[in-house]
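User: I am new to this structure and would like a close look at how its aromatic rings are arranged. Please take me through them step by step.

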Amino acid sequence: MKLKYYLYLNLASITFSILSTGCATRAPAQESLLKSLSLPSSYTIPNVEFVDQAKDFCGPAVATMALRWNGIDVEVDSVAEKVFTPGLAGSLPIDVISANRRYGMLAIPVNSLDSLLTEIAANNPVIVFQNLTLSWAPQWHYALVVGYNLTEKKIILHSGNQPYMKVDLSDFEYTWKLADNWGLVVLSPDKLSASASEMDHVKAAVVLEQMKKSDDAAASYQRILEKWPDNLVALIGAANSAYRNGKRAHAIQLLKHAVKVHPESVAAKNNLIIALSEKIKK
């Protein structure tokens, strides 16, 4: 008997809500925020491969760069088949997210300057969506943030046909804000974001499981438990994976811990009962 997954999550909140696509008074740099961050004053992620952008292909280009940074050998034309919509002459943000997940990657939102800088300092490039013109006449564009220099007040981007392009921080904040501060860090499932919450990681892992990326989801659950050993979703998810792979003793161990730290969880109790009954039958 297959161990059932009793825990259901409302994943509607995971959906990113930006409707626009394509390529293409400034908000001041948050001085007090920057001073409060325990980060180096400048940092550029080394050896981030640059992919030159063909016309309207900023979405496929940045997704390809992010995937290659994570060790996925992929061509931009192959990625474009998953993210580019010819009728729109661009790429929807939801398609950029989905494409990375199809390759088994975690796709975690980055929606603030402090989170973005934290990810960069941890060697995690960040995909950003920008409006390079006006709110009422938008020119949408994707870029990959690969560095920053707070002394010079610069953000460093792989953008268009320019690798390591330096942009004034205030200009970047303005164009990013016009696209609702949409950002995305793409990570292999055995890694953790430097800025995201426990729940953000869990949501990203659950989506991989829903997309039938069971091994990738299992790797993410395991990594989550290394930092948050009492997380209920990760405990049940990891137990399911162990059970599917014939590791019933480990599944039972995980579920016993889930019941211990979450005695109110019917899901954990029911899964444990099923796992124990199957062990007795064997």
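Analyst:
**Aromatic rings**

In this predicted model, ring pairs join Phe129, Trp140, Tyr142 and Trp182 into a cluster. Within that cluster, the ring centres of Phe129 and Trp182 are 6.2 Å apart and the planes stand at 80°, and because planes over 60 degrees apart count as edge-to-face, this pair is edge-to-face. The pair links distant parts of the chain, since Phe129 belongs to strand 5 (residues 126-131) while Trp182 lies in the loop between helix 6 (169-177) and strand 9 (183-187), 53 residues apart. Phe129 and Trp182 are both buried.

A search of the whole structure finds six aromatic pairs, and one of them is formed by Phe57 and Phe84, a tilted pair with 4.8 Å from centre to centre and 50° between the planes. Phe57 lies in the loop between strand 1 (42-44) and helix 2 (58-69), and Phe84 lies in strand 2 (residues 84-85), so this pair ties together parts that are 27 residues apart in sequence. Both Phe57 and Phe84 are buried.

One further ring has a charge as its partner: the charged end of Arg248 sits over the ring of Tyr243, 5.3 Å from the ring centre. Tyr243 in helix 9 and Arg248 in helix 10 are also among the residues through which these helices meet, including Leu235 and Ile236 from helix 9 and Leu254 and Leu255 from helix 10. The axes of helix 9 (residues 232-244) and helix 10 (residues 248-261) come within 8 Å and cross at roughly 160°, which means that helix 9 is roughly antiparallel to helix 10. The crossing of helix 9 and helix 10 is left-handed.

Notes
Residues numbered from 1 in each chain as written. Predicted model: local features only at pLDDT ≥ 70, side-chain atom pairs only at ≥ 80, totals over all residues. Heavy atoms only, no water. Phe/Tyr/Trp six-rings, centres within 6.5 Å; stacked < 30°, edge-to-face > 60°. Helix = DSSP H or I, 4+ residues; strand = E, 2+ residues; numbered from the N terminus. Buried < 20%, exposed > 50% of the residue type's maximum accessible area, 1.4 Å probe, protein only. Lys NZ or Arg CZ within 6 Å of the ring centre and 35° of its normal. Axes fitted to C-alpha atoms, helices over the stretch in contact; angles between N-to-C directions. Parallel < 35°, antiparallel > 145°, perpendicular 65-115°, else oblique. Left-handed = near helix turned anticlockwise from the far one by under 90°. Contact = heavy atoms within 4.5 Å.
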